[in-house]
Amino acid sequence: MSKTEIDLVTADFFAAFDNRGGRAADVARIRRLMLPTGVIVKTGPEFAVYTVDEFIEPRRRLLADGRLVEFREWETSEETRIAGDVASRFSTYRKSGRLAGAAFEGGGTKTLQFVRTSVGWRISAVAWYDHP
């Protein structure tokens, strides 16, 4: 059951950025999926560490203001390890959309750390690396 729940939380996380077909991306759902004090880290040449709110707001604007449209991210493979009330997931993912009118595709690697809470599995940390 835990693996199924973690699969659902992960899919919900990736779906938060989807604005295909003119729908509004629901990045605010990340607040429901993560611990309030969770941390999100972008690696690479533009290394950054975000709180949940610091991560959400710029992405909400980007996905709502027309600069990034027909966008989605999806998991292409994963490995999940569960030990009691903690879990770790290593994912590869793809993304595509139109940024400032130009089509693009890309992908990368994400790692998500989970903890089981009284209301189910929640993400405690996310780190990602976009492939060049």
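Is Asp-53 buried, partly exposed or exposed? With a relative accessible area of 45%, Asp-53 is partly exposed. Please keep in mind that this is a predicted model, and that goes for everything that follows.

**Salt bridges**

Asp-53 has a charged partner: Arg-31 forms a salt bridge with this residue, and the closest N and O atoms are 2.8 Å apart. Arg-31 belongs to helix H2 (residues 30–33) and Asp-53 to helix H3 (residues 52–64), so the pair ties together parts that are 22 residues apart in sequence. Arg-31 counts as partly exposed as well, at 44% relative accessibility.

Helix H3 also holds a salt bridge of its own, between Glu-57 and Arg-61. These two residues are four apart, about one turn of the helix. Glu-57 is partly exposed at 31% relative accessibility, and Arg-61 is partly exposed at 42%.

Another pair to look at is Lys-42 with Glu-46, whose side chains meet in a salt bridge. Here the two ends fall into separate classes: Lys-42 counts as buried because its relative accessibility of 17% is under the 20% limit, while Glu-46 is exposed because its 55% is over the 50% limit.

Here are the three pairs side by side.

| Salt bridge | Closest N to O | Relative accessibility |
|---|---|---|
| Arg-31 and Asp-53 | 2.8 Å | Arg-31 44%, Asp-53 45% |
| Lys-42 and Glu-46 | 3.0 Å | Lys-42 17%, Glu-46 55% |
| Glu-57 and Arg-61 | 3.4 Å | Glu-57 31%, Arg-61 42% |

The count of salt bridges in the model comes to 19. Some of the charged residues are linked in a network: Lys-3, Asp-7, Glu-75, Glu-78 and Arg-89.

**The hairpin of S1 and S2**

Lys-42 brings us to the strands, since this residue stands opposite Ala-48 in S2. S1 and S2 pair in the antiparallel sense, with four bridges between them. Together they form a hairpin with five residues in between, and Gly-44 in the turn has a positive phi of about 95 degrees.

Which residues of strand S2 lie on its covered face, and which on its uncovered one? Ala-48 and Tyr-50 make up the covered face, whereas Val-49 and Thr-51 are on the uncovered face. Val-49 appears again in a nonpolar surface patch of about 270 Å², which Val-49 makes with Val-39 and Phe-47. Val-39 lies in strand S1 (residues 34–42) and is partly exposed, with a relative accessible area of 31%.

**The nonpolar core**

In soluble globular proteins, nonpolar side chains tend to be buried together. In this model, the largest nonpolar core has 28 residues. Phe-13, Phe-17, Ile-30, Phe-114 and Ile-123 touch the most other members of that core. What does Ile-123 touch, leaving out residues up to four places away in sequence? Its contacts are Val-9, Phe-13, Leu-33, Met-34, Leu-35, Leu-112, Gln-113 and Phe-114.

**Around Ser-88**

Leu-112 and Gln-113 are also among the residues that Ser-88 touches. The other contacts of Ser-88, again not counting residues up to four places away in sequence, are Glu-79, Thr-80, Arg-81 and Thr-111. Ser-88 is found in strand S4 (residues 86–99) and is partly exposed, with a relative accessible area of 28%. Finally, a distance to try in your viewer: Ser-88 and Arg-60 are 28 residues apart in sequence, and their C-alpha atoms are 26 Å apart in space.

Terms used
Residues numbered from 1 in each chain as written. Predicted model: local features only at pLDDT ≥ 70, side-chain atom pairs only at ≥ 80, totals over all residues. Heavy atoms only, no water. Patch = residues over 30% accessible without salt bridge, like charges linked within 9 Å, V, L, I, M, F, W, Y side chains within 5 Å. Areas by Shrake-Rupley, 256 points an atom, 1.4 Å probe, with all protein chains shown as cover. Salt bridge = Lys/Arg side-chain N within 4 Å of Asp/Glu carboxyl O. Buried < 20%, exposed > 50% of the residue type's maximum accessible area, 1.4 Å probe, protein only. Pairing = 2+ DSSP bridges. Core = buried A, V, L, I, M, F, W, Y, C linked by side-chain atoms within 4.5 Å. Contact = heavy atoms within 4.5 Å.
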